[in-house]
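Here's a quick tour of a few spots worth a look. Keep the viewer open and follow along.

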Amino acid sequence: MRIRRRKQTDFEPVPDTANVAAGAESEGDLMVQTDTPIDFGQDITRPRERDRTTRRKLPTWDRLKYLTLLGGLFAIFWWQKLDTNPIKSVADGFWETVEKQAWILVLAALETVRQLHFLIAERWGRYYRFWKHTVFGRFEGRTSKMDPWTRFRLARVFRWVFILAVIGVVVGQLADENPIKAIAGLPGRINDALPFAARLIIYPLLLISQFGLLFWFLSRGGVETYFPDDIDTRFDDVWGQDPVKEKIRENLIFLENPEAIEQRGGYTPGGVLLWGPPGTGKTLLAEAAAGETGKPFVFVDPGAFINMFMGVGILKVKGLFRKLRKLALRYGGVVVFFDEADSLGNRGALAQGGGQFQSTPAASFLRDWSSPGSSLPYMSEASQQTLWADALEGGERQGPHRDAVMMMGGGGGGMGTLQALLAELSGLKKPRGFFNRNVRKMLGMRPKPPPRYRILVMMASNLPEALDEAMLRPGRIDRIYKVGYPTFEGRIRTYQGYLDKVRHELTDADVEKLATITPYATGARIKDTVNEALINAIRDGREVITWGDIVRAKQLKQHGLADDFTYVEHERHALAVHEACHAVAAYRLRKHMVIDVATIERRGSIGGFVSSIPPEDRFTHWRSEYETDIQVSLASLAGERMLFDGDNSSGVGGDLRSATQLATMMSGYWGMGSTFASHHVQRQFGIGGGGGRGGGEGEDDREHQLLEGSLGDQVEMRLSELYDRVVELVAANRVEVLAVAHALETHLTITGEDVAAIIDGTEGPFIDGAGYYDPAAIEKLEHYHQAVLDFRAAGIEELPPLPEIEGVTGRLVDSVVAAATPAETEGVPVAEQ
């Protein structure tokens with residue numbers, strides 16, 4: 001069977017997709033032929049409203065509904081004339097209605113002219129463009145100059161005045177009174193028209209209805225409905241997520257023509273979950289799907305089902321799906337999108353009485369990471385991910401905070417809300433209509449089965465593990481797609497897409513370099529960076545973005561704004577030596593990462609860092625690479641002890657913490673030590689001295705026994721061996737360390753290319769590294785370092801000024817960001833002091 005989709009130029013609702021013939025062909029629909037395979041062509045897209053050459057075709061009901069309403073109103077007045085005077089003939093009543101209710105005929109004539117105008121615009125492109133761009137375009141241009149607050153409120157006033165005027169005219173004509181007087185006396189007129197018995201019934205119902213109206217009012221909001229022409233986003237506007245985009249395209253094709261799979265015995269996939277890191281384009285994909293499909297799109301706000309009163313969330317769920325079923329029947333299908341679906345909650349968490357959660361190892365891990373002195377962020381992305389995974393396991397890193405309890409509110413608005421949503425997603429559908437359900441049963445007839453509702457449910461979440469398992473089962477959510485970080489090609493396409501919207505000087509090679517040095521940039525981050533670069537250009541009085549603007553924007557978004565803080569001379573030197581040791585070790589040892597930026601500019605609690613980037617996207621990592629990560633971590637301790645006469649600062653604490661964690665993972669989990677048993681399995685079964693995962697009083701003792709046992713010995717031996725190696729490395733590169741430290745003290749921030757130039761003794765973008773290896777320069781560096789040692793030991797009155805080195809001092813580097821190579825915070829090692 002082959003599905004061939006025609007160009008969609010219209011939006012035509014259909015009464016019931018289940019009753020559409022399989023071979024029917026109409027604009028905006030799919031043709032089904034029964035001999036050839038399904039073709040999911042990528043060149044199919046709905047035209048944007050601004051790209052239309054003619055007006056979209058109006059559905060038949062929308063073309064006739066106002067004429068039908070006016071005709072019915074005319075018939076009521078005609079019937080009134082005959083009822084008040086039984087001897088009056090039908091013809092006399094007709095002409096009297098024409099004479100006294102001529103306004104109805106005027107409105108009908110105006111509506112006829114309006115429909116003729118639409119009909120011509122649907123077939124004559126020149127006529128359509130004249131009215132759209134020349135007439136209405138100029139009018140909208142003038143009204144757009146008005147203050148939006150004033151314009152919207154004036155429009156609301158005019159709308160209500162018009163509605164009241166129509167009601168007044170209609171009631172006035174029926175009562176033969178002035179329209180204003182008719183509206184004022186309308187409540188009394190309704191009261192007089194009711195018999196006494198009806199009043200006894202209606203008045204209590206009015207009191208009861210107040211509660212119903214209250215809950216109805218509370219259940220409103222949080223749900224927005226869009227029609228295809230309301231959204232201008234298309235799949236062409238989504239870059240870097242091609243595999244997921246094509247899968248969603250398949251779902252839309254089956255939604256528009258479900259017979260393609262149902263005729264073969266299958267069913268249309270009814271649920272899609274998009275999950276992944278923030279900013280990767282999950283909501284944008286849903287918005288593009290809304291723009292591509294010829295069906296209505298319903299957006300559900302994350303907090304739509306969270307309410308003050310119990311039961312309101314259930315009403316919202318039932319009201320939402322009642323609305324979805326109506327839209328599905330009228331238009332042949334509907335797409336509903338739940339943004340931040342993890343806010344719907346989980347029955348397991350809700351059953352715990354409002355959500356009491358223990359402080360997890362991940363929370364302690366996050367505290368360790370964000371604390372001053374932590375060096376975890378500077379490590380490679382693989383090392384960071386594995387350490388995070390270890391913390392999220394829930395039992396391997398329990399410390400002194402594990403018994404703390406944190407109170408959190410239960411999500412989803414209560415137990416019943418989630419159950420109602422689960423039932424609606426795959427529950428039994430009762431027959432439609434009061435007559436069908438009750439009257440046919442009273443007459444002994446079987447109610448007609450409900451129609452097939454074509455509802456595609458899309459959800460987006462950053463935390464898929466927070467969703468209820470029952471929600472993710474097939475039949476509710478049939479397809480689960482990860483919307484991850486864009487690939488290298490995806491980043492290039494995303495940068496090109498956003499750069500095409502502005503004026504810039506970047507070449508294709510610059511864009512490729514930008515994509516290479518931002519390995520974990522999301523679509524949102526790329527968009528924000530380009531926008532920040534444009535702001536930088538405008539601030540400098542330019543309209544064209546340069547490479548410096550882009551890099552300056554990258555640095556600002558990655559590391560934040562540097563503090564206005566000045567170090568004292570001896571602390572500045574110590575910090576520069578600390579970071580120089582990291583930089584030299586990283587340059588000499590690492591082959592899987594390249595240095596991007598080294599800085600001693602203070603940012604919050606971070607005194608300085610050395611950031612590195614992977615030159616290529618990789619999936620696997622090796623023991624030798626992890627060992628170099630550990631050595632780079634230990635380089636600061638080795639360098640400080642070597643250069644400061646065996647002394648070291650507290651800033652190495654974070655480096656030791658990261659090195660120990662990584663060494664433990666290598667020996668206990670990854671088979672990179674001297675034993676083969678997995679520490680995770682040993683702890684799970686309580687063997688090997690690790691103990692189980694219970695919360696007994698002796699668990700801390702077992703932890704200490706384990707660390708003091710075989711695994712602790714392995715970790716200590718590995719760290720000691722790698723420390724000895726890096727001591728030799730730093731000793732052999734003493735001059736290089738002092739040279740990089742001098743450059744950091746001079747410029748505060750230097751590029752990775754300049755770091756390499758200093759270590760290799762070559763000329764870099766801003767610094768001539770060869771100048772450091774002149775004997776006189778080396779003597780200056782050693783003399784200044786000795787002066788710092790003397791100041792710390794004997795407390796001399798003041799330090800000599802920072803020595804000047806030819807080719808280094810005096811060359812201005814504007815925080816390096818004007819021409820530096822940027823690095824992305826995610827996945828970028830940052831050695832913190």
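The buried residues of α2 (90–100) pack against α1 (60–84) and α3 (102–123), where contact means heavy atoms within 4.5 Å. Those buried α2 residues include Gly93, Glu96, Thr97 and Val98. Buried here means under 20% relative accessible area, exposed means over 50%, and partly exposed is in between (1.4 Å probe, protein chains only). Helices (H or I, at least four residues) and strands (E, at least two) are DSSP runs numbered from the N terminus.

A word on the ground rules: this is a predicted model, with local features needing pLDDT of at least 70 and side-chain atom pairs counting only at pLDDT 80 or more, while totals for chains, interfaces and linings use all residues. Residues are numbered from 1 along each chain as its sequence is written, and side-chain values use heavy atoms, leaving out hydrogens and water.

Now for strand β9 (residues 455–461), where 7 of 7 residues are buried. Ile455, Val457, Met459 and Ser461 sit on one side, with Leu456, Met458 and Ala460 on the other, and both faces are covered. β9 runs parallel to β4 (residues 271–275), joined by 5 bridges, and also parallel to β6 (residues 334–338), again through 5 bridges. Strands count as paired if DSSP finds at least two bridges between them. Val457 turns up in both pairings: it is the bridge partner of Gly271 and of Val336.

What about the largest nonpolar core? It has 55 residues, and those touching the most other members include Ile630, Val726 and Tyr772. Such a core is a set of buried Ala, Val, Leu, Ile, Met, Phe, Trp, Tyr and Cys residues joined through side-chain atoms within 4.5 Å. Among the elements giving two or more residues to this core are α22 (569–589), β11 (594–599) and α30 (775–794). The top contributor is α22, with 9 residues. Val726, setting aside neighbours within four places in sequence, is in contact with Gln631, Leu634, Ala635 and Ala638. A second, separate core of 31 residues includes Ala304, Val317, Tyr453 and Met459.

Last, a pair of backbone oddities. Most residues other than glycine have a negative phi, but these two have positive values:

| Residue | Phi | Loop | Relative accessibility |
|---|---|---|---|
| Asp645 | near 55° | between α23 and α24 | 65%, exposed |
| Leu748 | about 70° | between α28 and β13 (749–751) | 32%, partly exposed |
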